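Hi there,

Here is the structure I promised to pass on to you. Please have a look, and then read on for my notes.

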Amino acid sequence: MYGRFFKTLADERKKREVEPTLSMLREALMETPANEAERHAQARMGQMHDLIDLTTSWFSDIQKLDVETLKKIDDAGRSSTKVFRV
């Protein structure tokens with residue numbers, strides 16, 4: 001029950017917020033920058049696009065998993081952050 005609710009909520013947010021943002025970033029990346037400041041801004045937008053795209057792909061994969069597997073991943077993630085914390 002909660003899994004379907006969460007998936008529906010995530011899908012709606014993706015349609016309403018993530019997809020339009022990625023679309024706007026793709027459009028901005030297709031423009032030719034006129035100066036160094038615009039080149040810098042475009043490079044940053046490229047980084048934002050890539051990060052959002054990566055996390056969206058990861059999240060799509062995560063949504064396919066059952067709750068027990070998600071709990072195991074969460075536990076492993078919490079443990080690994082202690083190891084990799086800088």
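Let me begin with the charged pairs: seven salt bridges are present in this structure, which is a predicted model. Here are three of them, with the surroundings of each.

In the pair R13 and E17, the side chains meet at 3.1 Å, N to O. Both belong to helix α1 (residues 2–30), and because they are four residues apart, about one helical turn separates them. R13 has a relative accessibility of 41%, so it counts as partly exposed. E17, at 34%, is partly exposed too.

A second salt bridge links the side chains of E36 and R39, with an N to O distance of 3.3 Å. These two residues lie in helix α2, three residues apart, or about one turn of the helix. E36 counts as exposed, since its relative accessibility is 53% and the cut-off is over 50%. R39, at 41%, is partly exposed.

The third one brings together K64 and D61, whose side chains meet at 3.9 Å, N to O. K64 is exposed at 67% relative accessibility, while D61 is partly exposed at 46%. Salt bridges also form a network elsewhere: through shared partners, R13, R16 and E17 are joined into one.

Next, helix α2 itself. Does its length fit its residue count, and what would one expect? The helix covers residues 36–63, and at 1.5 Å a residue its 28 residues should span 40 Å; the C-alpha atoms at its ends are 40 Å apart, so the two agree. At the N-terminal end, N35 acts as the cap, with a side-chain oxygen 3.1 Å from the backbone nitrogen of A37. The buried residues of α2 are Q42, G46, H49, T56 and I62.

Of these, H49 deserves a closer look. Its relative accessibility is 11%, and because buried means under 20%, H49 counts as buried. Which residues does H49 touch, leaving aside those up to four places away in sequence? They are L22, L25, R26 and L29. With R26 there is also a polar contact, in which the two side chains are joined at 3.4 Å.

Now for the overall picture. The protein has three helices and zero strands, and along the sequence the pattern reads α-α-α. Its radius of gyration is 17 Å, well over the 12 Å that the globule rule gives for 86 residues, so the protein is more spread out than a compact globule. Along the principal axes, the C-alpha trace spans about 50 × 35 × 15 Å. Of the 86 residues, 10% count as buried. Among contacts between residues at least 6 apart in sequence, 45% join residues at least 24 apart.

Finally, a word on confidence. The mean pLDDT of the protein is 88, and 93% of the residues score at least 70. Among the elements, α2 has the highest mean pLDDT, 94, and helix α3 (residues 67–84) the lowest, 80. Where pLDDT is low, the predicted coordinates should not be read in detail.

Happy browsing, and best wishes!

How values were computed: Residues numbered from 1 in each chain as written. Heavy atoms only, no water. Expected span 1.5 Å × (residues − 1). Buried < 20%, exposed > 50% of the residue type's maximum accessible area, 1.4 Å probe, protein only. Polar contact = N/O pair within 3.5 Å; in protein donor to acceptor, adjacent residues only side chain to side chain. Salt bridge = Lys/Arg side-chain N within 4 Å of Asp/Glu carboxyl O. Contact = heavy atoms within 4.5 Å. pLDDT = per-residue confidence, 0-100. Rg over C-alpha atoms; globule rule 2.2 N^0.38 Å.
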